[in-house]
Amino acid sequence: NFSPPARFDEARRVAIFGGTHGNEMSGVTLVNLWVKNGSEIQRKMVDTKPFITNPRAVEKCTRYVDTDLNRAFTPENLSALGEGDLPYEVQRAQEINRIFGPKGSPEAYDVIFDLHNTTSNMGCTLILESSKDYFNLQMMNYIKVTALRSNTEYYPRFSCKSVNIVLCDWFIAGLEVGPQPQGVLRSNIFEAMRVILKHALDFIELFNEGVEFPTCTVEVFRVLERIDYPRDANGNIIAMVHPNLQDGDWEPLNPGDPMFLTFDGKTLHYQGSGTIYPTFINEAAYYEKQQAFVTTRRETLVASAIRKA
Amino acid sequence: MPYRARFGRKMECVSLPPLSNFAICGGTHGNELTGVYILREMQKHNVEKVGSVSITTVLSNPRAVDACRRYTDRDLNRCFTDDLLSSPITESTPYELRRAQELNAHLGPKGSEEAVDLLCDMHNTTSNMGLCIIFNSADWLILHICKYLQSKITSMPVRALQMDLPLSEAFSVDSLGKHGFSFEIGPQPHGVLRADVFNTMKEAVDLTIEWLQQFNSGRTFEGGEVEAYTRWKTVHYPRDPTTDEITAAIHPQLQDNDFKLLQPGDPIFLSLSGETVKHEGDALYPVFVNECAYYEQKIAYHLTQKSTLTLPSINVKKD
């Protein structure tokens, strides 16, 4: 049953965003490094632009100044008037959209990597927006296979627990590496992110040279729902992520498994109807977003073969 | 070898006055969440008196806790030197300096007879330090509490760190008490509450209160030895000479290896361009390796020596 490869235009312009959250240090450090000396990220026939998206937050080493930039790219915000009166991150979102977008238009950059860290034990996580986005799916598959294969051979310092692909339509596609505390730069996490980007750029270069990437199956985790902490009538947290669940990202959580532990030692169990795979477990930034962890289910996607148009 | 034989003469048992009031502080840094939540639970359960010990719970920096930040204007835990506590308050005085003077009035005054008998301040660190008991001067009481906690807590290593500053220069909130120390537990990211860390801090606080009650009721605590890490030497990150930006990360072989003896030639930094920097000089014990809050002063870690401190037996002085 032969289907011809899906054709995509060459990826000519690539952006690498760091500091979308000003205290997620791997991306901030890598982008600052590459702004000074970008030779490492150069590839034939590709214009690669490293860019700090939230400089004020980076300066203060804080997640955001007025509002979360990573939630600011809504149609309402992007068309809002008021310029200097708008929240800082809304102004930034408009500026970034002008330079690198608008999304979906011919002027938009071909590929954007948004670099993030998490306090959760997620290893290297590639975030995919759409299951039908064969170009990104093929790229993530290439990254995953190459990174895991070269793990001990070429990169003894690369100690990513795993490379997982998450399918989630409420995120800008990006790269999330953890665990790393906010405001801290861990060498192994930094190197892992660097290696992932190297493979991503290699893929783009190969693709632009005309290499065909055959059809492949890719295991992904599809995001289902956000689970909040149990709270009292005043909205205060009354339990913590259970020690059995803490650091257990990507491992199965079965109905009846411990999920939360109250401050006086009582265990609360997962009450769902089936096994799920939790992730973003105990992410610092999500306390204010009412998220203790996120549930996902495993899926196998098929990516069509792709080739340069 | 029993210490009696080693030192030739057993130290005399020391009698000390009872400890009737105990202050426990949390949220001195607003994003170190364990202490904040321990306090919340103690306040919810109206913990005010346990046997002979009356307990005061204090949220040190409420504004920083609300914002989930280390501090609002300046680090509260550096505001308790004698100079800063006596500096005049004006319109433009930073919030934390004012707050330090309020706390001094409430729990001190520092160095006076009215000060609380024992003050314990709860902290977290992003460094892999387990449970540390940090104190300024090595008084017998605190060392006995260390010894007691070390004998009871098994969930993580328990270590004693001594700073040894003259009292006038002691800058942390625990210097307000007649006796004072901090619990420091890591690793935990700032802004995160881990159940395992919470449980260990709770155990440490409960055991401290238990010790106080036993002490007050007349039990003699046998002397012995406690190992403490002392004589702190600060190591800064390598920096770009023109921009002062940090140019290296803690080397993977040092990362998470607090308290593991660092020998000359061991790697300490890995530069962003891939070069390894090695430790030179004496073999010492690193602490606070890659603590988030230290980036501001470009501090990578501290180096310490291990000392063995000898304690006499102690009991409560009977009138």
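Colleague: How many residue pairs are in polar contact between chain A and chain B?
Modeller: This is a predicted model, and the count takes only pairs in which both residues have a pLDDT of 80 or more. Helix H1 (25-36), helix H6 (187-208) and strand S9 (239-241) of chain A each supply at least two residues of the side that touches chain B. Under that confidence condition, the number of residue pairs in polar contact between the two chains is 9.

Colleague: Which element gives the most to the side of chain A that touches chain B?
Modeller: By class, that side of chain A has 13 nonpolar, 9 polar and 8 charged residues, and the contact as a whole takes 30 residues from chain A and 28 residues from chain B. With 4 residues, the element that gives the most to the side of chain A is H6(A).

Colleague: Which residue of chain A forms a salt bridge with Glu245(B)?
Modeller: Across the interface of chain A and chain B the rule finds 3 salt bridges, while the area buried between the chains is about 2500 Å², with 59% of it on carbon and sulfur atoms. In the salt bridge of Glu245(B), the closest N and O atoms are 3.4 Å apart, and the partner is Lys36(A).

Colleague: Where in chain A does pLDDT stay under 50?
Modeller: Chain A averages a pLDDT of 90, and 93% of its residues score at least 70. Where pLDDT is low, the predicted coordinates should not be read in detail. That caution applies to a stretch for which the model has 24 contacts beyond four places in sequence, namely residues 152-161.

Colleague: What area is buried between domain 1 of chain B and domain 2 of chain B?
Modeller: The domain assignment gives domain 1 of chain B as 14-227 + 311-316 and domain 2 as 235-308, and their contact takes 18 residues from domain 1 and 15 residues from domain 2. Carbon and sulfur atoms give 55% of the buried area, which is about 1300 Å².

Colleague: Which residue of domain 1 of chain B forms a salt bridge with Lys306(B)?
Modeller: In domain 1 of chain B, the residues that lose the most area to domain 2 are Asn128(B), Met129(B) and Glu227(B), together 33% of what that side buries. Across this domain interface the rule finds 1 salt bridge. For the salt bridge of Lys306(B), the closest N and O atoms are 3.8 Å apart, a distance that meets the cut-off of 4 Å, and the partner is Glu227(B).

Key. Residues are numbered from 1 along each chain as its sequence is written. Chains are lettered from A and ligands numbered from 1 in the order in which they are written. This is a predicted model: local features need pLDDT of at least 70, side-chain atom pairs count only at pLDDT 80 or more; totals for chains, interfaces and linings use all residues. Side-chain values use heavy atoms; hydrogens and water are left out. pLDDT is the predictor's confidence in each residue, from 0 to 100. Contact means heavy atoms within 4.5 Å. Domain bounds come from an automatic or database domain assignment. Buried area is the accessible area (1.4 Å probe) that two parts lose on being put together, summed over both. A salt bridge is a side-chain nitrogen of Lys or Arg within 4 Å of a carboxyl oxygen of Asp or Glu. A polar contact is a pair of N or O atoms within 3.5 Å; within protein, one must be able to donate a hydrogen and the other to accept it, and residues adjacent in sequence count only if both atoms are side-chain atoms. Ala, Val, Leu, Ile, Met, Phe, Trp, Tyr, Cys and Pro count as nonpolar, Asp, Glu, Lys and Arg as charged, and the others, Gly among them, as polar.
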